[in-house]
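Reader: I have a model open on my screen and would like to talk it through with you. Could you take me around it?

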Amino acid sequence: MKLFRKNIEPSCTYCQRGQQINETDVMCVKHGIVAAEHHCRSFKYDPLKRVPPRPAVLDTAKLKEEDFSL
């Protein structure tokens, strides 16, 4: 998933016109308090509000000492 892709799925959570209130609600300039996953035709993407997914945790249990030697 790319952070700055052009065809972003609209969501009030990362709209320029919205301000996140809590985990589930966003205060929208045009529509008042709406659900975070809500969106409208006035959606304007703000990449600075987008939180990328956390990277996968490295599973070191399967590594052996010989994996580190040249």
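Author: What follows goes through the fold, the sheet, the cysteines and the aromatic rings in turn. This is a predicted model, in which local features need pLDDT of at least 70 and side-chain atom pairs count only at pLDDT 80 or more, while totals for chains, interfaces and linings use all residues. Residues are numbered from 1 along each chain as its sequence is written, and side-chain values use heavy atoms, with hydrogens and water left out.

Reader: Fine. How many helices and strands does the protein have?

Author: There are zero helices and three strands, where helices (H or I, at least four residues) and strands (E, at least two) are DSSP runs numbered from the N terminus. Read from the N terminus on, the elements go β-β-β.

Reader: What is the order of the strands in the sheet?

Author: The sheet is open, with the order E1-E2-E3 and antiparallel pairing; two strands pair if DSSP finds at least two bridges between them. The edges are strand E1 (18–20) and strand E3 (32–35), each of which pairs on one side only. On average, neighbouring strands in this sheet are turned by 35° against each other, direction ignored, with axes as lines fitted to C-alpha atoms (for helices over the stretch in contact) and angles running from 0 to 180 degrees between N-to-C directions.

Reader: And how many bridges join E1 to E2?

Author: Three bridges join that antiparallel pair, and glycine 18 has cysteine 28 in E2 as its bridge partner. The hairpin from E1 to E2 passes through four residues. On the other side, strand E2 (residues 25–28) is joined to E3 by four bridges, again antiparallel, and that hairpin passes through three residues. Valine 26 is bridged to valine 34 in E3, and cysteine 28 to glycine 32 in E3.

Reader: Which residues make up the covered face of E2?

Author: Val26 and Cys28 form the covered face, whereas Asp25 and Met27 form the uncovered one. In a regular strand the side chains alternate between the two faces of the sheet.

Reader: Changing topic to the cysteines: how many disulfides are there?

Author: The structure holds zero disulfides, taking a disulfide as a pair of cysteine sulfur atoms within 2.5 Å.

Reader: Why is there no bond at cysteine 28?

Author: The closest cysteine sulfur, in cysteine 40, is 5.4 Å from the sulfur of cysteine 28, and that is too far for a bond. Cysteine 28 counts as buried, at 7% relative accessibility; buried means under 20% relative accessible area, exposed over 50%, and partly exposed in between (1.4 Å probe, protein chains only).

Reader: And what about cysteine 15?

Author: For cysteine 15 the closest cysteine sulfur is in cysteine 12, 6.0 Å away, which is also too far for a bond. Cysteine 15 is buried as well, with a relative accessible area of 6%.

Reader: How many aromatic pairs does a search of the whole structure find?

Author: The search finds two, where rings of Phe, Tyr and Trp (its six-membered ring) pair if their centres lie within 6.5 Å, and planes under 30 degrees apart count as stacked, over 60 as edge-to-face and the rest as tilted. Tyrosine 14 and phenylalanine 43 have ring centres 6.3 Å apart and planes at 80°, so this pair is edge-to-face. The pair links distant parts of the chain, 29 residues apart, with tyrosine 14 in the segment before E1 and phenylalanine 43 in the segment after E3.

Reader: What is the other pair?

Author: Tyrosine 14 and tyrosine 45 are also edge-to-face, at 5.8 Å centre to centre and 90° between the planes. Tyrosine 45 lies in the segment after E3 and tyrosine 14 in the segment before E1, so the pair ties together parts that are 31 residues apart in sequence. The ring pairs thus link Tyr14, Phe43 and Tyr45 into a cluster, and both tyrosine 14 and phenylalanine 43 are buried.

Reader: Last one: what radius of gyration does the protein have?

Author: The protein has 19 Å, whereas a compact globule of 70 residues would be near 11 Å; the radius is taken over C-alpha atoms, and the globule rule is 2.2 Å times the number of residues to the power 0.38. The C-alpha trace spans about 60 × 25 × 15 Å along its principal axes, and buried residues make up 21% of the 70 residues.
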